[in-house]
Amino acid sequence: MKYRLTFVAGAALGYVLGTKAGRERYEQLRKSAQQLTRNPAVRNTAESAAQQSREFADKAYQAVSHKVGDRMPDSVAQRVRTLRERTAHGPAEDDWGTSNT
(Lines give C-alpha, C1' and ligand atoms only; values in the text may rest on other atoms or scores of the structure.)
Protein backbone atom coordinates (compact mmCIF):
# COMPACT_ATOMS: atom_id res chain seq x y z
CA MET A 1 0.00 0.00 0.00
CA LYS A 2 2.88 2.33 0.78
CA TYR A 3 4.29 1.89 -2.72
CA ARG A 4 0.93 2.57 -4.34
CA LEU A 5 0.54 5.76 -2.39
CA THR A 6 4.04 6.85 -3.39
CA PHE A 7 3.29 6.06 -7.04
CA VAL A 8 0.00 7.96 -7.02
CA ALA A 9 1.65 10.97 -5.32
CA GLY A 10 4.46 10.93 -7.91
CA ALA A 11 2.02 10.66 -10.79
CA ALA A 12 -0.06 13.54 -9.43
CA LEU A 13 3.05 15.70 -8.96
CA GLY A 14 4.23 14.86 -12.48
CA TYR A 15 0.84 15.76 -13.88
CA VAL A 16 0.75 19.11 -12.09
CA LEU A 17 4.30 20.00 -13.13
CA GLY A 18 3.62 18.84 -16.67
CA THR A 19 0.52 20.96 -17.03
CA LYS A 20 2.36 23.98 -15.68
CA ALA A 21 5.08 23.50 -18.29
CA GLY A 22 2.36 23.69 -20.91
CA ARG A 23 2.12 22.93 -24.57
CA GLU A 24 5.12 25.05 -25.56
CA ARG A 25 7.54 22.94 -23.56
CA TYR A 26 5.99 19.77 -24.93
CA GLU A 27 6.45 20.99 -28.50
CA GLN A 28 10.01 22.03 -27.73
CA LEU A 29 10.83 18.57 -26.37
CA ARG A 30 9.13 16.88 -29.32
CA LYS A 31 11.13 18.92 -31.83
CA SER A 32 14.37 18.13 -30.00
CA ALA A 33 13.57 14.43 -30.07
CA GLN A 34 12.79 14.57 -33.80
CA GLN A 35 16.06 16.39 -34.51
CA LEU A 36 17.93 13.76 -32.54
CA THR A 37 16.38 10.88 -34.48
CA ARG A 38 17.12 12.61 -37.79
CA ASN A 39 20.78 13.13 -36.91
CA PRO A 40 22.92 11.01 -39.27
CA ALA A 41 25.34 10.05 -36.49
CA VAL A 42 22.49 8.75 -34.33
CA ARG A 43 20.95 6.86 -37.24
CA ASN A 44 24.29 5.28 -38.16
CA THR A 45 24.92 4.27 -34.57
CA ALA A 46 21.46 2.73 -34.29
CA GLU A 47 21.97 0.89 -37.56
CA SER A 48 25.36 -0.43 -36.46
CA ALA A 49 23.94 -1.57 -33.13
CA ALA A 50 21.09 -3.35 -34.91
CA GLN A 51 23.51 -5.12 -37.27
CA GLN A 52 25.79 -6.18 -34.43
CA SER A 53 22.84 -7.49 -32.44
CA ARG A 54 21.68 -9.56 -35.42
CA GLU A 55 25.18 -11.02 -35.80
CA PHE A 56 25.38 -11.76 -32.09
CA ALA A 57 21.96 -13.41 -32.11
CA ASP A 58 23.00 -15.61 -35.03
CA LYS A 59 26.20 -16.67 -33.25
CA ALA A 60 24.27 -17.36 -30.05
CA TYR A 61 21.72 -19.43 -31.93
CA GLN A 62 24.47 -21.45 -33.60
CA ALA A 63 26.17 -22.12 -30.26
CA VAL A 64 22.94 -23.12 -28.57
CA SER A 65 21.68 -25.25 -31.46
CA HIS A 66 24.93 -27.26 -31.48
CA LYS A 67 24.54 -28.01 -27.78
CA VAL A 68 20.78 -28.51 -27.76
CA GLY A 69 20.50 -30.32 -31.05
CA ASP A 70 17.09 -31.88 -31.73
CA ARG A 71 15.64 -30.64 -28.45
CA MET A 72 15.11 -27.17 -29.97
CA PRO A 73 11.40 -26.26 -29.74
CA ASP A 74 9.67 -26.05 -33.12
CA SER A 75 8.48 -22.50 -32.43
CA VAL A 76 12.06 -21.29 -31.91
CA ALA A 77 13.36 -23.14 -34.96
CA GLN A 78 10.55 -21.70 -37.11
CA ARG A 79 11.24 -18.15 -35.87
CA VAL A 80 14.92 -18.48 -36.71
CA ARG A 81 14.12 -19.83 -40.19
CA THR A 82 11.77 -16.90 -40.77
CA LEU A 83 14.41 -14.38 -39.69
CA ARG A 84 17.04 -15.99 -41.89
CA GLU A 85 14.76 -15.95 -44.92
CA ARG A 86 13.89 -12.31 -44.34
CA THR A 87 17.54 -11.24 -44.07
CA ALA A 88 18.59 -13.44 -47.01
CA HIS A 89 16.45 -11.39 -49.41
CA GLY A 90 18.74 -8.38 -49.04
CA PRO A 91 18.57 -5.29 -46.91
CA ALA A 92 15.17 -4.27 -45.67
CA GLU A 93 14.07 -1.37 -43.54
CA ASP A 94 14.10 -1.87 -39.81
CA ASP A 95 11.98 -0.13 -37.17
CA TRP A 96 14.16 2.98 -37.39
CA GLY A 97 13.54 3.38 -41.11
CA THR A 98 17.14 2.55 -41.92
CA SER A 99 18.47 -0.21 -44.10
CA ASN A 100 19.96 -3.33 -42.55
CA THR A 101 23.44 -2.89 -43.96
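How many helices and strands does the protein contain? In this predicted model, the tally is three helices and zero strands, and the order of elements from the N terminus is α-α-α. The mean pLDDT of the protein is 78, with 80% of its residues at 70 or more. Confidence varies among the elements: helix α2 (residues 40–68) has the highest mean pLDDT, at 86, while helix α3 (residues 74–88) has the lowest, at 78.

Turning to the surface, the protein has an accessible area of about 8800 Å², and carbon and sulfur atoms account for 58% of this. Of the 101 residues in the protein, 9% are buried.

Helix α2 can be described in some detail. Its 29 residues reach 41 Å from the first C-alpha to the last, close to the 42 Å expected at 1.5 Å a residue. At its N-terminal end, α2 is capped by N39, which places a side-chain oxygen 2.9 Å from the backbone nitrogen of A41. Four positions within α2, namely A46, E47, A50 and S65, are buried.

Helix α1 (residues 2–38) offers a charged pair to look at, R30 and E27. Side chains of opposite charge can pair when their charged atoms come close. Here, the closest N and O atoms of R30 and E27 are 2.7 Å apart; this falls within the 4 Å cut-off, so the pair forms a salt bridge. The count for the model comes to one salt bridge. Along α1, the two partners are three residues apart, about one turn of the helix. An α-helix has 3.6 residues a turn, so residues three or four places apart point the same way. As for its surroundings, R30 has a relative accessible area of 33%, and is therefore partly exposed, lying between the 20% and 50% limits.

Terms used. Residues numbered from 1 in each chain as written. Heavy atoms only, no water. Salt bridge = Lys/Arg side-chain N within 4 Å of Asp/Glu carboxyl O. Helix = DSSP H or I, 4+ residues; strand = E, 2+ residues; numbered from the N terminus. Buried < 20%, exposed > 50% of the residue type's maximum accessible area, 1.4 Å probe, protein only. pLDDT = per-residue confidence, 0-100. Areas by Shrake-Rupley, 256 points an atom, 1.4 Å probe, with all protein chains shown as cover. Expected span 1.5 Å × (residues − 1). Polar contact = N/O pair within 3.5 Å; in protein donor to acceptor, adjacent residues only side chain to side chain.
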